[in-house]
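Visitor: I should like a close look at a single part of this protein, namely the place where two of its domains meet. Please set out what forms that contact, and then continue to the local features that merit inspection.

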Amino acid sequence: MPDRIADIWGQRTPFARDELWPVRRDQKLAEGLTDADVERWVQSACTLCSNGCACDIAVKDGRMVGVRGRAVDTVNHGRLGPKGLFGSWQGMQGADRLTRPLIRVGEELVETDWDTAMGRIVERSRQLLAEKGPLSHGFYTSGQLFLEEYYALAIIGKAGLGTPHMDGNTRLCTATAAAAMKESFGSDGQPGSYEDIDSCDAIVLYGHNMAETQTVLWMRVLDRLAGPDRPLVVCIDPRETEVARVADVHLPVRPGTNLALMNGLVRELLVHGWVDEDYLAAHTIGLEELRATVEQWTPEAVVRTCGVEADDVRRAAEIIGTSERVLSTVLQGFYQASQATASACQVNNLHLLRGMLGRPGCGVLQMNGQPTAQNARETGADGDLPGFRNWENPEHIAELAALWGVDVDRIPHWSPPTHAMQIFRYAEQGSIEFLWVSATNPAVSMPQAGRIRGILGRPELFLVVQDLYLTETALLADVVLPAAGWGEKQGAFTNVNRTVHLSDKAVEPPGEARSDLDIFLDYGRRMDFRRNDGTPLLDWAGPEDGFRAWQECTRGRLCDYTGLSYERLRGGSGIPWPCNDEHPDGTVRLYGDAVFPTALDRAETYGHDLLTGATVGATAYSAMRVDGRALLKPAPYAPPHEGPDAEYPLQYTTGRTVYQFHTRTRTGRARQLQAAAPSAWAEISRHDASLLGIAEGDLIRVSSRRGEIVVPARVGDIRPGTVFAPFHYGYWEQNRSGPGEHPTAANELTATEWDPVSKQPLFKVAAVRVEKVADGTGPAPAPTTAASRPATPGDVPPTVGGRDAEAREEATGEAPPRAGRPAEVS
């Protein structure tokens with residue numbers, strides 16, 4: 001196998017427009033093993049990005065020993081990225097896996113049995129319910145559980161306890177994706193498909209570093225670019241990513257000004273008449289208000305605000321406005337920035353203006369950042385109502401009450417569901433005294449990390465953490481529950497483009513670890529939650545019962561699963577919903593008929609003012625007579641609340657590296673990945689480095705009004721005036737919940753501020769200053785591949801991060817190079 005750490009995207013398999021993407025099966029087995037040593041292969045899909053690549057898990061002697069891509073699957077055609085190849089199975093096998101429950105005794109966490117741990121949880125839960133009611137309880141979950149686990153959690157929270165305080169870390173990465181689709185189309189649910197890459201003439205990536213966040217999807221793009229009729233590429237990103245390097249137009253927009261740029265692009269289409277007038281008249285509302293809102297945003301006005309070139313704005317608009325088939329993808333560069341929902345809605349507007357939805361090559365992918373984020377949203381574990389129901393619609397609440405066998409008033413719907421940022425504020429203020437965190441690590445991943453650690457460590461807060469390892473958050477818990485993870489349990493999950501996969505159980509979890517579903521069901525039984533007829537609220541025996549219950553919840557909804565089953569999902573490709581009697585083989589694209597779920601009785605939301613977040617409400621929405629049409633929603637640009645000034649003259653943005661995922665709970669325990677990006681760094685431009693007297697590898701302090709990090713400098717190809725830091729690096733290796741002498745968590749600096757509609761935090765807009773602390777002892781530990789490569793490659797040896805020779809041998813199957821010679825990079 002080639003070195004898939006250095007050669008991230010592997011060998012090219014070019015193909016032309018409308019051809020089938022060729023198969024290329026990627027595989028990695030433990031050192032010394034061959035296919036003949038594998039006792040069985042177990043079907044699954046990778047959970048280390050949002051792409052949802054189908055794979056088989058290799059099992060030998062009761063252990064996972066490798067993985068291979070599934071060639072038959074529509075998502076990846078056999079390919080896997082570096083995180084899937086190395087991190088998926090090895091990340092489950094760290095020597096420090098949690099194997100028994102832990103409870104806090106004084107200042108220490110000590111091992112105990114399940115009855116004792118669950119007894120403490122139930123005792124505190126009942127006490128608070130009796131004394132203060134359900135609003136004392138909050139749940140903060142993940143984007144990495146299985147569908148059945150999320151749905152169980154949603155039922156327990158909404159129908160068992162009756163609390164509105166439920167959300168997930170999906171709030172941090174993809175809340176804006178859902179919000180933008182609701183505002184424009186009436187419901188969550190991706191209009192487009194990965195298959196649109198195969199057919200498009202242009203692909204526009206809005207704040208989406210696909211090359212690092214979705215490596216297999218980028219392989220698909222690269223193979224089209226290598227084909228005979230390559231699509232044009234437009235990249236909007238302040239960094240010179242791999243996407244920017246192949247782009248026909250790169251717009252290195254000033255952080256926090258996305259909406260100004262988008263208003264300018266919309267204006268160009270309207271001014272030049274690059275719109276489908278018939279489609280607009282028949283299938284949309286709001287055109288004249290949109291036209292008036294964007295009128296001031298000439299290319300020259302965009303230049304003044306965004307710091308890009310006017311000709312590049314014109315050329316990007318021309319590509320969007322004149323290409324026969326356009327695919328747009330959107331991710332964190334838009335979602336985690338100022339006016340996130342408003343900016344993402346303008347992407348939808350561009351497609352509505354051209355009538356480019358529901359046809360091959362003509363799609364919008366408002367991307368996710370996690371493998372099962374879609375399920376968290378669908379099932380209501382993130383605060384939404386299950387099945388894309390509307391909390392303002394009494395009929396939708398009644399449907400859920402009938403499904404769950406409880407009174408309507410048991411289900412909280414008197415106000416919007418509580419979003420994550422507000423949940424933590426309630427915990428800070430003391431009204432939430434019971435917080436259950438599952439499969440996520442807010443002590444590192446939430447903005448203003450120091451504040452979050454303080455909240456989690458409050459003695460008045462009873463904190464339950466269920467996870468694979470003793471994370472920074474788990475170190476602060478009152479009870480820690482050891483969870484089974486990927487390959488150790490069974491369940492279904494859904495990726496970005498609505499494709500549902502089944503992940504079968506390959507091996508037993510370590511020690512006494514239990515699946516998240518078993519833990520939630522156990523809590524429900526011990527709490528004795530019941531339906532009105534006296535039967536248990538959740539009587540499921542296992543995940544397949546949960547899947548069947550979920551099917552009934554989705555019947556007749558946009559996300560209809562009634563045509564799916566474990567049996568149908570086993571053996572072949574994943575299947576995109578809706579899948580039902582009308583669409584027995586699933587649905588590749590939505591809205592081909594230009595009928596949108598915006599009717600009063602169907603809409604998941606009645607909408608918001610994109611500038612203020614104020615709700616429209618049922619009465620005003622009804623008066624709009626949307627009636628199945630899409631909404632062209634405009635918003636005026638407003639500058640970020642925190643910008644550079646004399647004290648903090650630089651702009652700060654955070655993000656990911658290709659070799660790590662989230663807070664490295666799994667990838668940090670895969671030796672090849674950890675060696676490729678072993679520790680934190682911060683990127684500054686050559687211009688800023690020169691002004692500040694900073695050289696590659698120097699130790700620098702990056703400070704904001706909220707905190708600081710002290711890390712080596714990578715002098716890279718980033719927009720001058722901008723500083724970038726990867727958010728993966730906390731403190732678990734030192735067995736600490738917080739920093740020591742040299743803080744490394746990027747979110748020490750970020751602000752407690754969120755988008756008014758999606759409530760997604762603004763990780764990509766902060767003001768900082770940078771100062772040199774000490775001379776470097778060598779290059780920064782940043783990778784020399786992808787966006788983090790040095791600005792002057794000759795200054796840094798062509799290796800990857802701090803990767804040692806042994807890790808390279810494991811990645812390639814080849815002996816390391818002789819001493820004194822640098823490793824060769826394919």
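Guide: The account below begins with the domain contact and then turns to individual residues and elements. The model is a predicted one, and every value given here is computed from it.

The domain assignment divides the protein chain into four parts: domain 1 (1–90 + 810–826), domain 2 (102–173 + 372–576), domain 3 (175–367 + 597–631) and domain 4 (650–795). The contact to be examined is that between domain 1 and domain 4, whose C-alpha centres are 28 Å apart. Domain 1 contributes 15 residues to this contact, and domain 4 contributes 14 residues.

The size of an interface is often expressed as the accessible area that is lost when its parts come together. For domain 1 and domain 4 the buried area is about 1,300 Å², with 64% of it coming from carbon and sulfur atoms. On the domain 1 side, Ile5, Leu48 and Lys83 provide 37% of the area buried against domain 4, more than any other three residues.

As for polar interactions, 5 residue pairs are in polar contact between domain 1 and domain 4. Salt bridges across this interface number 0. Two elements, α1 (82–90) and α27 (805–812), each give two or more residues to the side of domain 1 that touches domain 4. Of the elements on that side, α1 gives the most, with 6 residues. By residue class, the side of domain 1 that touches domain 4 comprises 8 nonpolar, 4 polar and 3 charged residues.

A second region for inspection is α18 and the loop that follows. Within α18, the residues Ala420, Met421, Gln422, Ile423, Phe424 and Ala427 are buried. The partners against which the buried residues of α18 pack are β7 (137–141), β8 (166–168), α4 (170–173), β15, α19 (442–445) and α20 (449–456). Immediately after α18 comes Gly430, which has a positive phi of about 105°.

Glu433 belongs to the loop between α18 (420–429) and β15 (434–438). Because its relative accessible area is 10%, below the 20% limit, Glu433 counts as buried. Its side chain is joined to that of Lys132 by a polar contact of 2.2 Å. Leaving aside residues up to four places away in sequence, Glu433 touches Arg124, Leu128, Lys132, Ser136, Glu460, Leu461 and Phe462.

Three points of backbone geometry complete the inspection. The peptide bond between Trp577 and Pro578 is cis, with omega about -5°. Pro578 is located in the loop between β20 (575–576) and α24 (618–624).

Asp18 is not a glycine, yet has a positive phi of about 70°. Asp18 occurs in the segment before β1 (27–29). Its relative accessibility is 43%, so Asp18 counts as partly exposed.

His662, likewise not a glycine, has a positive phi of about 50°. The position of His662 is in the loop between β22 (650–655) and α25 (671–676). With a relative accessibility of 12%, His662 counts as buried.

How values were computed
Residues numbered from 1 in each chain as written. Predicted model: local features only at pLDDT ≥ 70, side-chain atom pairs only at ≥ 80, totals over all residues. Heavy atoms only, no water. Domains from an automatic or database assignment. Contact = heavy atoms within 4.5 Å. Buried area = accessible area lost by both parts, 1.4 Å probe. Salt bridge = Lys/Arg side-chain N within 4 Å of Asp/Glu carboxyl O. Polar contact = N/O pair within 3.5 Å; in protein donor to acceptor, adjacent residues only side chain to side chain. Helix = DSSP H or I, 4+ residues; strand = E, 2+ residues; numbered from the N terminus. Nonpolar A, V, L, I, M, F, W, Y, C, P; charged D, E, K, R; others polar. Buried < 20%, exposed > 50% of the residue type's maximum accessible area, 1.4 Å probe, protein only.
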